[in-house]
Amino acid sequence: MHILVLIMALMTTQTVFAQTPATPPVKPIKMVVLGDSLSAGYGLAATGAFPARLQKALEAKGIKVDMINAGVSGDTTSGGRDRLDWSVPEGTEAVILELGANDALRGTDPAVTRAALTDILTRLKARKIAVLLCGMLAPPNYGSEYAARFNAIYPELSKSFGVPLYPFFLEGVATEAKLNQPDGLHPTAEGVDIIVKNILPSVEAFLGAIAAQRS
């Protein structure tokens, strides 16, 4: 009699387990880093580039992303706009927009830079893709007037499009010789890790907002 009761109890337990749905795995957020040599990983191994290091840092915090490095060395904001459609494939949920350093180095008219970034943001918004805008600062050799016009682009576009802004992509690394390669422009592997450490809270908040919209 006791054996029969035990068998019935086991059968009931198995039925309960069978009816309990498994927790679905969290779907990784599809993200693209659209940028220039600073994100492409100029002078570094592929595993040392910003997107790869950022993905590793996010995964260490339990945040899963499907990352694409769409950085192209030498690219300008206009170049990023021209390749936008094939650099950001269908299904992309998030873009980290890191462009403008080459515009600043070449003294590109800030109106041209602003127009290109505006077009990129407009097109991504139309596709319902979230954007984290990374700011850039003009070098001092073009004068204060140029710097004022250029530096204002990013905070103003962040406000007008309602997208989060990370004010300066090279924060903590620019002008630090030991954190840059011999050209003084591109971060070393250690420099990239500092960029990742500094931007990580902003990226976490950015991706958290996207995850919240999914549910």
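Of the 215 residues in the protein chain, 43% are buried. This is a predicted model, so the picture below rests on computed values throughout. The accessible surface of the protein chain adds up to about 11,500 Å², and carbon and sulfur atoms account for 61% of that area.

As for secondary structure, the protein chain has 10 helices and five strands. Contacts reach well along the sequence: taking the pairs of residues at least 6 apart, 77% of the contacts link residues at least 24 apart.

Two loop residues stand out for their backbone angles. One is Lys128, which isn't a glycine but still shows a positive phi, at about 60 degrees. Lys128 sits in the loop that runs from α7 (110–126) to β4 (130–134). With a relative accessibility of 74%, Lys128 counts as exposed, because the cut-off for that label is over 50%.

The other is Thr175, again a residue other than glycine with a positive phi, this time near 70 degrees. Thr175 belongs to the loop between β5 (165–166) and α10 (189–214). Its relative accessible area is 77%, so Thr175 is exposed too.

Put side by side, the two cases read much alike: Lys128 pairs a positive phi with a place in a loop and an exposed setting, and Thr175 likewise has a positive phi, a loop position and an exposed setting.

Conventions:
Residues numbered from 1 in each chain as written. Predicted model: local features only at pLDDT ≥ 70, side-chain atom pairs only at ≥ 80, totals over all residues. Heavy atoms only, no water. Helix = DSSP H or I, 4+ residues; strand = E, 2+ residues; numbered from the N terminus. Buried < 20%, exposed > 50% of the residue type's maximum accessible area, 1.4 Å probe, protein only. Contact = heavy atoms within 4.5 Å. Areas by Shrake-Rupley, 256 points an atom, 1.4 Å probe, with all protein chains shown as cover.
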